[in-house]
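Me: I should like to go through this complex with you. Could we begin with where the two chains meet?

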Amino acid sequence: MNPILLIVLKRLMIGLLTLWIVTVIIFAAVELLPGDIATEKLGQAATPESLAAFREKFDLNRPMVERYLSWLGGAVTGDFGISMANQRPISELIGVRTANTFFLAGYAAALAVPIAVVSGMLAALYNRSVFDRVLSNSTLAAISFPEFFIAYILILIFSVWLGWFPSLANVDVDTGLGERLYKTFLPAMTLNLIVLAYMMRMTRAAILNLLALPYIEMAHLKGIKRWRVIAVHALPNALAPIISVIALNLAYLIVGVVLVEVVFVYPGLGQVLVDAVSNRDVTVVQAACLIFAATYILLNLLADVLSIIANPRLLHPR
Amino acid sequence: MTDLLLDMKNIKIEGWSDRQWKPIIKGVDLQLKRGEILGLIGESGAGKSTLGLAAMGYTKGGCRIREGNIKFDGIELAGASSKALRQLRGKRIAYVAQSAAAAFNPAFKLINQYCEAPVQHGVMSKEQAEKDAKELYRKIRLPDPDMIGFRYPHQVSGGQLQRAMTAMAMACRPDLIIFDEPTTALDVTTQIEVLGAIRDIVREFNTAAIYITHDLAVVAQMADQIKVLLRGDEVEQAPAREMLANPKEDYTKSLWAVRDFRRAPPVPREGGETTLLEINTIHAAYGTVKVLDNISLNIRRGSTVAVVGESGSGKSTLARVIMGLLPQLEGVITYDGESLHKLGAKRPRGLQRHLQMIHQMADTALNPKQKIKDVIGRPLSFFLGLKGAAKEARIRELLTLIELDPDEFMDRFPSELSGGQKQRVCIARALAAEPDFIICDEVTSALDQLVAEGILRLLDRLQRELDLTYLFITHDIATVRSIADEVVVMQNGVIVEQGSKEAIFSPPHEPYTELLLSSVPEMDPDWLTNLLKERDTQVTAG
């Protein structure tokens, strides 16, 4: 059997195991909260009848393990149960919003990843030049500000002063792709600025790390152009650390959008999560946590697998 | 038209260290005719690689050419634009690096790396270059020349990689190739094939070459002219045969004489010979890969047993098994009649103390954050419980024993020592435990010949003074001749032959021992030619 397949399978199993542990933690954490969910939800004025009805409705009377299993079974098929706040099915509540969040993250990533990798390569090529320093310092400045601050600055410049882009990203199911891209440009740019620096700096550092190696010197001594040495000889060997930083940042894009969504009034998961937390809507919080956790684990899994594939020693064994 | 290809005049190169420019090359001239091979020899730090690279108008990071002219075929390279230099490099001047394994990009197939220079310089199309590559792979005697190019560097052996790199350097049919220690990292038997292949191909295309090496016997086979460098200065230059027969300068003579060290024959011991270490039918493996197969060996007290073999023969693994770093699968090791636990950590401390080891790379075997007195002091307090003044006095004694001045060296860090001094500190650390038995694992391989000889002399003196027993692991036959009482020849995890040095070095030999011994380069400039001819006739006859 190809060893790489074996490694990938092993990683996949570990990823699934991690995800399962996360489901246990999410479920147990809510169970272990002090007090009884029904009394918490219905308050002091609750009658024994209404409490019993609440317990019946949310299936709180069965033993914990049984409830966990049916919750897990539902979650796997996309059914997260019903909201405690408004009794509607959670999948209906968060379905479109999850898609919106992933769209925005994907949009930001499509901008950020190419920009980060290319500018990282340029910074390595012109290492220690004015260009390198300006790039390094400006991206560092961008991550030093909180995201809502960047969001407001962008709104001030591009929306209030220049009037090029709308300050509200109010999309719905019927919004076309072109309009959607236009309306969400500012939030995507905000996210882009936040994640750009890490990815760019890692690309630069990973490439610079390799430049003293004999095979890079060899490429120079073969009379290869400097840009080609960086892009063709250094980059493929620097991929593993770059991939893992990109994956980490993509996961952040999905999990960390809450504030940016609120600033731009974008109908994503963030807004739902904020509402659910303030309403103590436990079942929705569980569902959102599970989606975030799964995203993190899957992206990191993907990064692991890609890093393995990027290593020719593993891909082409002796 | 002049036949002078390269004319370097008064080259001065500096390197940036300790916040100032320090001279590396101090005004050297170098002339090379078309088709001529110049051997550049010297110890490490002599500046031979720096000078070789300067012939391409290139310096390593942190270095600069301060003065001098480098005229290549009428083109001035010193101060030339990077574009002008780039158009020459790879096309008219090519480079072959010391470690082919490190100089090939691990991410690409060999043939793609071959094709890069001709395609990028616009000399050939990709298809032509691939066809040409297979042709050259055949000429340089790589196995399966049509397919080997489609492998990745890690899928090919070291000797094959070095030949593939020579072929790659030839891709644009350059006028000049710089060979920077191309066979230093190879085993002797592999080295021969690579040397033969390099010499043939360079002659066939009438390519001029600068051949950089520290090995005189190698340069004797390759070069028309030899230039000796010492600390950035030229010592002398002469046609190869003249230089070999009659070196003029004292330094050159000392280089020539280095291999002559022989230890005094051991005196018979009072009370007869006793066995100190007995290795009995040892089998060992890394995972499922078997590395030691049925190794049995007796080591007499006070003797030096040399284990020779090529890389992969299992000689270092044997050391690891004896030290208890790799538990054996089968077999027993007894030390002075007492059986040793498989795991070194489970052996009683008193027993651990008696077996010490000195490693090949003194650089990595010393903790860079510890002062010399702490390096040597640690085994003193760990094994012997010495403290305070007693410990310091013993550290001073040990440093004096290894011929380093205690006042000067006690408070230094390893980075402030030369390679030979570091290896001496490692010896002192081993001695600190007051052992009876020391494993020396390639202790001189990373050192220059003169320095290595000093280490061997020191080890010999210590053996006589302290009644030590050595297991000396090496791939260098000259070292074996210098210091061994008994020799064990290993190949692929098996002992091929063992016996006294005299018995092993005098015929008849086992076939593998014969191959190993005949592969050691000799100073005779016709040695390689004769040997290859002889082996060819043997192959045809057989």
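Reply: The turns below take up the interface and then the sheets of chain B. This is a predicted model, in which local features need pLDDT of at least 70, side-chain atom pairs count only at pLDDT 80 or more, and totals for chains, interfaces and linings use all residues. Residues are numbered from 1 along each chain as its sequence is written, chains are lettered from A and ligands numbered from 1 in the order in which they are written, and side-chain values use heavy atoms, with hydrogens and water left out.

Me: How many residues does each chain bring to the contact?

Reply: Chain A brings 20 residues and chain B brings 27 residues, where contact means heavy atoms within 4.5 Å.

Me: What area do they bury?

Reply: The two chains bury about 2,400 Å² between them, with 58% of it on carbon and sulfur atoms. Buried area is the accessible area (1.4 Å probe) that two parts lose on being put together, summed over both. On the chain A side, A:M218, A:L221 and A:K222 supply 29% of the area buried against chain B, more than any other three residues.

Me: Which residue forms a salt bridge with A:K222?

Reply: B:E116 does, with the closest N and O atoms 3.3 Å apart. A salt bridge here is a side-chain nitrogen of Lys or Arg within 4 Å of a carboxyl oxygen of Asp or Glu. The rule finds 3 salt bridges across this interface.

Me: Which element of chain A gives the most to that side?

Reply: α10(A) does, with 6 residues; helices are DSSP runs (H or I, at least four residues) and strands likewise (E, at least two), numbered from the N terminus.

Me: Turning to chain B, in what order do the strands of the 6-strand sheet run?

Reply: The order is β6-β7-β8-β3-β9-β10, in an open sheet with mixed pairing. Two strands pair if DSSP finds at least two bridges between them. β6 (93–96) and β10 (233–239) of chain B each have a single partner strand, so one side of each is left without a neighbour in the sheet.

Me: In which sense do β3 and β9 of chain B pair?

Reply: They pair in the parallel sense over 4 bridges, and B:G39 stands opposite B:I226 in β9(B).

Me: And what is the order of the 4-strand sheet?

Reply: Chain B has β12-β11-β14-β15 as an open sheet with antiparallel pairing. Strand β14 (residues 330–335) of chain B is joined to β15(B) by 2 bridges, and B:T334 has B:S339 as its bridge partner in β15(B).
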